[in-house]
Structures are given as structure tokens and as C-alpha cells.
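Hi everyone, thanks for coming. I'd like to walk you through one model today, going from a couple of residues to the whole protein. Please have a look at it first.

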Amino acid sequence: MANAEKGAAQHLADKTVQLHGTMTQGSLLRGQVPVGTEVVLDGEPVRVNKQGKFVIGFERKAELSHRLEATFPDGTRVEKPIELAERAYNIQRIDGLDQKMVSPPESVLARIKQDNIDVAKARSQVTDLDAVFTRFQWPAKGPITGVYGSQRILNGTPKWPHYGVDVGGATGTKVTAPASGTVTLAQDLYYSGNTLIIDHGMGVFSTFLHLNAVTVKVGDKVAQGEQIGTIGATGRATGPHLDWRINWRKMRLDPQTLVSGLPQ
């Protein structure tokens with residue numbers, strides 16, 4: 001290939017927007033652009049790190065059509081349409097819960113409010129940790145007993161949809177970090193019991209609910225595959241299981257869009 005042709009090919013290669021992930025509602029997508037590129041999703045700026053990497057997400061009932069714009073360092077701008085697949089969510093009925101976990105008494109409302117503040121604070125930082133761009137792995141082994149997006153009916157009362165994936169297991173079953181990161185919360189919360197939050201970078205956090213034991217503390221840096229706790233039934237739970245959740249900023253996303261296969 002002549003030098004001019006090589007240069008033209010490289011010029012085109014330098015102006016690409018790569019997206020990796022499942023194009024569905026509830027999905028987290030990871031992207032790559034040339035260093036120095038500005039990215040905008042549906043008119044809102046997207047954080048791009050020093051390596052040109054970024055993440056975007058789409059909530060449970062997100063619109064199906066979106067527009068991603070990239071402005072390259074030389075001022076050239078391209079648009080990349082995103083078309084999501086619509087998802088159907090099932091209904092999950094859970095009975096036998098202690099009624100105070102469905103309709104909490106006045107005496108615990110202040111605690112629940114403080115729990116929400118603590119969780120929001122634990123997810124408030126947007127760091128440039130690179131772990132979010134690695135391949136995630138299941139944090140526990142066992143059968144899937146609950147999926148993202150399903151409408152929850154608790155003791156006959158319709159409640160918020162379920163925003164995690166549940167993995168069943170005996171109390172004490174090991175729970176490991178699905179990707180490396182920094183622990184930002186390790187606390188007993190009213191609804192979710194012993195709860196752990198890990199920052200994976202770029203505003204993406206894993207949350208682990210209903211743990212029996214937590215084996216790390218706030219500020220710890222954990223490696224992928226390192227034990228962080230054990231499966232339990234603390235908080236609002238009818239039996240031992242792990243409820244694993246993924247948040248991008250304030251958006252609740254489906255952890256199963258980040259892993260492959262089953263947690264066996």
C-alpha cells in the first residue's frame with residue numbers, strides 16, 4: 001500500500017467509535033474513542049478517561065433509539081445511532097416476608113432515610129479506575145433465583161421492580177469480587193442487611209445485598225476473585241442468597257449484561 005493510502009487508512013481508523021455490550025434495555029455498554037475525543041449521549045456529555053474509554057447505560061424501560069455523538073480532536077464530528085432491543089419482564093411473587101419488611105413501622109423510617117443517604121454517598125464518586133473495562137465474573141456460584149427487572153409483589157403488595165440478579169446458595173457460601181475495585185460501603189442496612197459496595201471506576205458500582213458476613217472494609221482495594229463476604233439472609237430476605245446489583249451513576253442496570261454463562 002502506498003504511503004498516501006496508508007495515511008488515509010490510519011486517518012479513518014483514528015476516527016472510530018467502538019461500543020461493546022448487549023444492545024438492550026438495562027444494559028451497560030463500554031466504549032473506546034481516540035484520546036481527546038468528546039462524547040455526548042442524547043445531548044448529555046459522557047465522561048471519557050485519559051485512554052479514550054467511556055461507559056454508557058440504559059435503564060430498565062429506556063427508549064429504544066438513542067444518538068451518540070463524538071467530536072474528534074481535529075473537530076470532526078460523527079453520529080452513531082444506537083438501537084436497543086425491548087425487554088419483557090416477568091412478575092415475581094414473594095410471600096412469607098415479615099410484614100415490617102414490606103410496610104416498615106414509623107420507628108425505622110429515620111434509619112431507612114439514613115441508609116439511603118449512606119448508599120448515595122458511597123456511589124457518589126466518579127473515579128478513573130480501569131476495572132470497569134475488564135471482563136466481569138460471577139461473584140458467587142449457585143442457581144439464579146431472581147432476575148433484573150422483574151416486578152416484585154411482596155406479601156400481595158406490588159413494590160419496586162427487582163434491580164439485581166439473585167444467586168441462591170447456603171449461608172456461608174463464598175462471595176468474591178466480580179472485578180477489582182475499592183470498597184466504598186460495608187454496612188448493615190434495614191432492607192438489604194449486610195451490604196457491600198465496590199467502586200469499579202467511571203461511576204460504575206457493584207452492590208452485594210443480604211450478606212451473612214463481610215470480610216473487607218471501606219477503603220480496601222480488592223482484586224477480581226478475592227473473597228469479600230459470604231451469602232446470607234440478612235435484611236428483607238426469605239432465604240439465603242446473593243443479590244448482586246450494578247449501578248452507573250444513579251441508573252440501575254442488569255449485572256447479567258456484564259457476565260457470560262451461568263454462575264455454576
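Before we start, one cut-off: a residue is called buried when its relative accessible area is under 20%. And please keep in mind that this is a predicted model.

Let's begin with Leu41, which sits in strand β3, spanning residues 38–41. Is Leu41 buried or exposed? Its relative accessibility is 9%, so Leu41 counts as buried. And what does Leu41 touch, leaving aside residues up to four places away in sequence? The list is Val46, Ile56, Phe58, His66, Arg67, Leu68 and Ile82. You can also look across to Lys80: Leu41 and Lys80 are 39 residues apart in sequence, and their C-alpha atoms are 9.6 Å apart in space.

Now to my other favourite, Asp199, found in strand β15, residues 193–201. Asp199 is buried, yet it has no salt bridge. Where is the nearest side chain of opposite charge? That is Lys221, 8.2 Å away from Asp199. There is a polar atom of the Asp199 side chain 2.8 Å from the backbone nitrogen of Gly201, though. Beyond four places in sequence, Asp199 touches several residues, among them Thr127, Leu129, Ser180 and Phe205.

Let's zoom out. The protein has two helices and 21 strands. Of its 264 residues, 45% are buried. Among contacts with a separation of 6 or more, 67% are between residues 24 or more positions apart. As for the surface, about 13100 Å² is exposed, with carbon and sulfur atoms supplying 51% of that.

That's my tour, and I'm happy to take questions!

Terms used: Residues numbered from 1 in each chain as written. Predicted model: local features only at pLDDT ≥ 70, side-chain atom pairs only at ≥ 80, totals over all residues. Heavy atoms only, no water. Helix = DSSP H or I, 4+ residues; strand = E, 2+ residues; numbered from the N terminus. Buried < 20%, exposed > 50% of the residue type's maximum accessible area, 1.4 Å probe, protein only. Lys, Arg positive; Asp, Glu negative; His and termini not counted. Salt bridge = Lys/Arg side-chain N within 4 Å of Asp/Glu carboxyl O. Polar contact = N/O pair within 3.5 Å; in protein donor to acceptor, adjacent residues only side chain to side chain. Contact = heavy atoms within 4.5 Å. Areas by Shrake-Rupley, 256 points an atom, 1.4 Å probe, with all protein chains shown as cover.
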